[in-house]
Amino acid sequence: MAKQILVDEELLGFSQGLADAARNIVSQYFRRTYSIDSKSDQTPVTVADREIEARMREMIAAQFPDHGIFGEEFGKTQADAHHVWVLDPIDGTRSFITGMPVFGTLISLLENRQPVFGMIEMPALGERWWGGVEIGARCNNERVVVSGCESIEDCRLATTSPGMFDAEQQKAVERVVDRTVNFRYGGDCYNYATLASGYLDLVIEADLKPYDFCALVPVVESAGGVITDWQGARLTLESTGEVIAAATPELHAQAVEILTG
């Protein structure tokens, strides 16, 4: 049986090194000239995406050779391992290629397919959130907590884009939007980071992949929030990609009830 991972100073220091490596590579390309390709699903990818993930994979393989890796750009390696790192080198590539600083690198560690540690690195903003089992949530080493909002009518809601919803999902989201006091599009992973810090109260999204959401789970939960799929089930590698994050269980329950009709 695999040894249970401890979210300790050694693991945190290693994860900080991964994020530092990502930030250094981003600095070579952000708001500079580089080639942009399209993947099979027509989403953009850059040399920065590939270089960041390749570097993080090298570092993980050297430090934890028995750990698996699941990355957006290069897929799965030892995916059946007890401990698996899930990586998104640039979450928000469209922001990155248009010179907007709201993109991030997502780093998470799964134990038995459950996220136990997550990091949201915002390289262009110089901000970094992390959270994990028994360590709480922090931004640049300052403890963060959610807002405590308990009412749909009082909440601040965000989602990245209407394009991530199909017709039925869009109707469900609109039912929630109609009840909120403040709503905005945009943000990608930054929405979840600001929710953990108490500036947003609710995030609702869909069509996400594990590398889009695994790092978010420990950060939001360690800050005192709730993050699940739209039915209220815990997020795992098998989740469908519908994600809802809320500041409190009360707000989460209201949003789930409205979403599911």
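# Notebook: helix 2, two sheets and two loops

I began with helix 2 and looked up which of its residues are buried (under 20% relative accessible area with a 1.4 Å probe and protein chains only, where exposed is over 50% and partly exposed is in between); they are Ala48, Asp49, Ile52, Glu53, Met56, Arg57, Met59 and Ile60. Seen down the axis of helix 2, these buried residues fall within an arc of 165°, so they line one face of the helix; the arc is that of the directions from the helix axis to the C-beta atoms. I noted beside this that an α-helix has 3.6 residues a turn, so residues three or four places apart point the same way.

Before going on I wrote down that this is a predicted model, in which local features need pLDDT of at least 70 and side-chain atom pairs count only at pLDDT 80 or more, while totals for chains, interfaces and linings use all residues. Residues are numbered from 1 along each chain as its sequence is written, and side-chain values use heavy atoms, with hydrogens and water left out.

**Helix 2, length and start.** I checked the span of helix 2, residues 47–63: at 1.5 Å a residue its 17 residues should span 24 Å, and the end C-alpha atoms are 25 Å apart, which agrees. The expected span is 1.5 Å times one less than the number of residues. At the N-terminal end I found Thr46 as the cap, with a side-chain oxygen 3.2 Å from the backbone nitrogen of Ala48.

**The whole protein.** I counted eight helices and 15 strands, where helices (H or I, at least four residues) and strands (E, at least two) are DSSP runs numbered from the N terminus. For 261 residues a compact globule would have a radius of gyration near 18 Å, and the protein has 17 Å, which agrees; this radius is taken over C-alpha atoms, and the globule rule is 2.2 Å times the number of residues to the power 0.38. The C-alpha trace spans about 50 × 45 × 35 Å along its principal axes, and buried residues make up 57% of the 261 residues.

**Strand 13.** I then asked which residues of strand 13 (residues 202–205) are buried on each side. Leu202 and Ile204 are buried on one side, and Val203 and Glu205 on the other, so that both faces are covered. Strand 13 runs parallel to strand 11 (residues 156–159), joined by two bridges, and Leu157 stands opposite Leu202 there. With strand 15 (residues 243–246), strand 13 pairs in the antiparallel sense over four bridges, and Ala246 is the bridge partner of Leu202. Two strands pair if DSSP finds at least two bridges between them.

**The open sheet.** I traced an open sheet of eight strands in the order 4-3-5-6-7-8-9-10, with mixed pairing. Strand 4 and strand 10 (142–143) stand at the edges with a single partner strand each, so one side of each is left without a neighbour in the sheet. Strand 6 and strand 7 pair in the antiparallel sense over seven bridges, and Thr105 stands opposite Glu121 in strand 7.

**Two positive phi values.** Most residues other than glycine have a negative phi, and I looked up two residues with a positive one. Gln78, in the loop between strand 4 (75–77) and strand 5 (83–91), has phi near 50° and is partly exposed at 39% relative accessible area. Arg113, in the loop between strand 6 (104–111) and strand 7 (114–122), has phi of about 75° and is partly exposed at 34%.

Technical notes
Polar contact = N/O pair within 3.5 Å; in protein donor to acceptor, adjacent residues only side chain to side chain.
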